[in-house]
Amino acid sequence: MSLIDLANPSRFLRFAGRAMPWLAALTAILMLAGLYQVLMAPDDYQMGAVVKIMFIHVPNAWLAMFVWGVMSIAALGTLVWRHPLADVAAKAAAPIGAAFTFLALITGSLWGRPMWGTYWEWDARLTSVLILFLMYLGIMTLWRAVDDPSRAARAAAILTLVGAINLPIIKFSVDWWNTLHQPASVIRIGGPTIHASLLLPLLTMAVAFSLLFLTLHLAAMRNEILRRRVRTLQLMQAATA
Amino acid sequence: MNLGQHAFFIVTAYAAVVIVVALLIGWVIADHRRQHNILRKLEAGGVQRRSARQAAASS
Amino acid sequence: MTPLAAVIRRDLLVALRVGGGALIGVLFFLSVVVLIPSAIGPDLPLLKRIGPAILWLGAMLASLLTLDRLFTADHDDGTLDLIVMSRTPLELTCLAKALAHWIASSIPLIVATPVLALMLNLDAAATLGVILTLVAGTPALTLTGMIGAALSVTLRRGGLLLPVLVLPLSIPTLIFGVVASNAAASGQPLFGAPLSILVALSLFALVVGPLAAAASLRQGLD
């Protein structure tokens with residue numbers, strides 16, 4: 001069964017119903033494994049135990065951006081290829097992406113307080129993630145502002161793509177603003193600069209959170225298809241009444 | 001486990017993640033139940049989708 | 001007269017006559033510039049330091065306020081449907097409307113800036129910097145705002161949605177506008193770089209704005 005077969009909503013519903021228990025179980029296993037690794041992880045010699053926040057902050061921040069990427073691909077699916085499930089995928093992803101962005105901000109803020117002494121700072125990364133959060137809220141508002149789902153889909157698709165263009169611009173512009181006004185507080189994370197004992201839990205949690213997104217997204221897509229069926233039936237009922 | 005002097009922040013961060021993820025899972029499950037119930041009631045009332053009718057007719 | 005020139009002329013006439021769309025923007029600009037020092041208090045050195053930011057915020061909010069009328073009047077009397085159906089490419093028509101809107105709404109703001117800068121205790125260099133950056137940056141504000149206006153014009157409660165959609169898109173312009181103004185005010189030699197980025201943002205919006213707005217209008221009206 002190829003990917004295009006999933007385009008049929010009924011077939012997708014059956015696929016989602018079968019896949020979800022497995023995905024949920026896999027997510028739970030990886031989360032537990034990740035949490036175990038987090039517990040066993042050593043303290044950072046500079047930060048101390050606070051480094052443990054990194055294991056939930058970084059996956060959420062990464063997913064916040066990734067989900068907008070998923071929505072952008074779905075937007076292309078709606079506008080260019082008219083893929084029937086693209087609308088559903090886009091609408092279902094938005095609240096989940098907003099939640100991950102919110103968590104990225106919260107965990108980042110809680111990490112910042114012991115690290116920098118402040119809950120918030122208007123530096124490059126924080127501001128661009130905050131703007132990303134605003135864009136998620138804007139998209140969700142737009143979805144709910146139009147009654148007809150397929151029209152809402154096209155409007156949301158355009159805004160998603162414009163937002164996708166805007167994200168690197170925002171990151172770049174806030175970087176510029178930051179270098180001219182205050183020194184950047186850069187969290188130096190990545191690749192070889194992080195020791196394996198901290199890298200492994202981070203990667204496990206990253207995979208676990210990605211699976212969590214996949215599971216939630218499939219479930220939300222399923223709900224959205226059901227919601228549209230409800231709407232169709234209600235319209236039919238109202239028409240024949 | 002010794003979380004050091006900043007234990008409050010670590011615990012709060014993890015708690016926030018647990019709460020929000022739990023809310024997400026709860027929302028997805030509750031929404032599913034709600035749509036399922038409404039669909040059942042509508043289909044019990046005799047309303048059927050065009051494709052469901054065609055599938056029933058052709059089977 | 002070509003269709004595009006006719007659109008520009010018509011929009012300009014409507015804006016300059018009915019309800020004073022231009023003047024309302026300037027009045028709102030004035031209100032913002034009065035409100036902020038009222039909240040902060042008569043701290044002149046502080047106002048001088050954040051003056052460019054206040055002016056940019058005021059200009060941005062004022063232009064946001066007037067964005068609503070970019071498409072609404074045409075949508076209400078059915079002209080928008082004719083425009084979308086006409087042979088002139090919709091992207092060019094959007095561009096023409098944006099030009100008219102910029103002339104009618106943003107130029108009065110720029111003209112009002114020196115007076116308001118005086119109230120904020122800004123010196124000549126700072127004022128000139130703000131004016132220059134407004135000239136470079138308000139096209140970006142108008143063109144990206146047009147995207148939001150096009151998305152929300154066909155919605156019933158669209159007026160409230162417009163700022164929510166437009167603000168995140170306009171933040172880079174605001175940031176670079178203020179950075180460039182501050183650089184000009186303090187005489188830093190770094191003024192050229194943020195100003196060119198501001199111009200780049202406007203040029204970028206010049207392409208993306210009409211494209212996205214036209215796509216939004218088409219999907220909204222069919």
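Helices and strands here are DSSP runs, numbered from the N terminus, with at least four residues for a helix and at least two for a strand. The exercises below concern a predicted model.

**Exercise 1. Describe the fold of chain C: which elements does it hold, and in what order do they run?**

Solution.
- Step 1. Count the elements: chain C has 9 helices and 0 strands.
- Step 2. Read them from the N terminus on, which gives α-α-α-α-α-α-α-α-α.
- Step 3. Check the overall size. For 222 residues the globule rule gives 17 Å, and the radius of gyration of chain C is 18 Å, close to that value, so chain C is as compact as a globular protein of that length.
- Step 4. Add the dimensions: along the principal axes, the C-alpha atoms of chain C fill a box of roughly 55 × 35 × 35 Å.
- Step 5. Look at the contacts in chain C with a separation of 6 or more: 81% of them join residues 24 or more positions apart.

**Exercise 2. What percentage of the residues of chain C count as buried, and what percentage of those of chain B?**

Solution.
- Step 1. For chain C, 51% of the 222 residues count as buried.
- Step 2. For chain B, the figure is 10% of 59 residues.
- Step 3. Note the secondary structure of chain B, which consists of 2 helices and 0 strands.

**Exercise 3. Is C:Ala62 buried or exposed?**

Solution.
- Step 1. Place the residue: C:Ala62 belongs to helix H3 (residues 44–67) of chain C.
- Step 2. Count its surroundings. C:Ala62 has 27 other C-beta atoms within 10 Å, and the cut-off for a buried residue is 20 or more. C:Ala62 is therefore buried.
- Step 3. List its contacts, leaving aside neighbours within four places in sequence: C:Gly25, C:Phe28, C:Phe29 and C:Leu109.
- Step 4. Compare sequence and space for one pair: C:Leu30 is 32 residues from C:Ala62 in sequence, and their C-alpha atoms are 9.2 Å apart.

**Exercise 4. Apply the burial count to A:Ser109: how many other C-beta atoms lie within 10 Å?**

Solution.
- Step 1. A:Ser109 is part of helix H3 of chain A.
- Step 2. The count is 19 other C-beta atoms within 10 Å. Being buried takes 20 or more and being exposed takes 12 or fewer, so A:Ser109 is partly exposed.
- Step 3. Apart from neighbours within four places in sequence, A:Ser109 is in contact with A:Tyr119 and A:Trp120.
- Step 4. A:Trp120 is 11 residues away in sequence, with a C-alpha to C-alpha distance of 5.9 Å.

**Exercise 5. What span should helix H4 of chain A have, and what are its end C-alpha atoms apart?**

Solution.
- Step 1. The helix covers residues 124–145 of chain A, which is 22 residues.
- Step 2. The expected span is 1.5 Å times one less than the number of residues, and for H4(A) this comes to 32 Å.
- Step 3. The end C-alpha atoms of H4(A) are 31 Å apart, which agrees.
- Step 4. The buried residues of H4(A) include A:Leu132, A:Met135, A:Tyr136, A:Ile139 and A:Leu142. Residues three or four places apart point the same way, because an α-helix has 3.6 residues a turn.

**Exercise 6. Which residues have the most contacts inside the largest nonpolar core?**

Solution.
- Step 1. The core has 148 residues, and those with the most contacts inside it are A:Val67, A:Ala90, A:Ala93 and A:Leu142.
- Step 2. H3(A) contributes the largest share of this core, 17 residues.
- Step 3. Take A:Ala90 and set aside residues up to four places away in sequence: among the residues it touches are A:Met71, A:Ala74, A:Ala153 and A:Ala157.

**Exercise 7. Which of the 2 pairs of chains that touch has the most contacts?**

Solution.
- Step 1. The pair is chains A and B.
- Step 2. Here 32 residues of chain A meet 24 residues of chain B. On the side of chain A, H6(A) gives the most, with 15 residues. That side divides into 21 nonpolar, 6 polar and 5 charged residues.
- Step 3. Between chains C and A, the contact takes 23 residues from chain C and 23 residues from chain A. H8(C) gives the most to the side of chain C, with 11 residues. That side has 19 nonpolar, 3 polar and 1 charged.
- Step 4. Chains B and C do not touch, and their nearest C-alpha atoms are 24 Å apart.

**Exercise 8. Where in chain A does pLDDT stay under 50?**

Solution.
- Step 1. The mean pLDDT of chain A is 86, with 90% of its residues at 70 or more.
- Step 2. The stretch under 50 is residues 181–192, for which the model has 10 contacts beyond four places in sequence.
- Step 3. Where pLDDT is low, the predicted coordinates should not be read in detail.

How values were computed: Residues numbered from 1 in each chain as written. Chains lettered and ligands numbered in written order. Predicted model: local features only at pLDDT ≥ 70, side-chain atom pairs only at ≥ 80, totals over all residues. Contact = placed C-beta atoms within 7 Å. Nonpolar A, V, L, I, M, F, W, Y, C, P; charged D, E, K, R; others polar. pLDDT = per-residue confidence, 0-100. Rg over C-alpha atoms; globule rule 2.2 N^0.38 Å. Core = buried A, V, L, I, M, F, W, Y, C linked by C-beta atoms within 7 Å.
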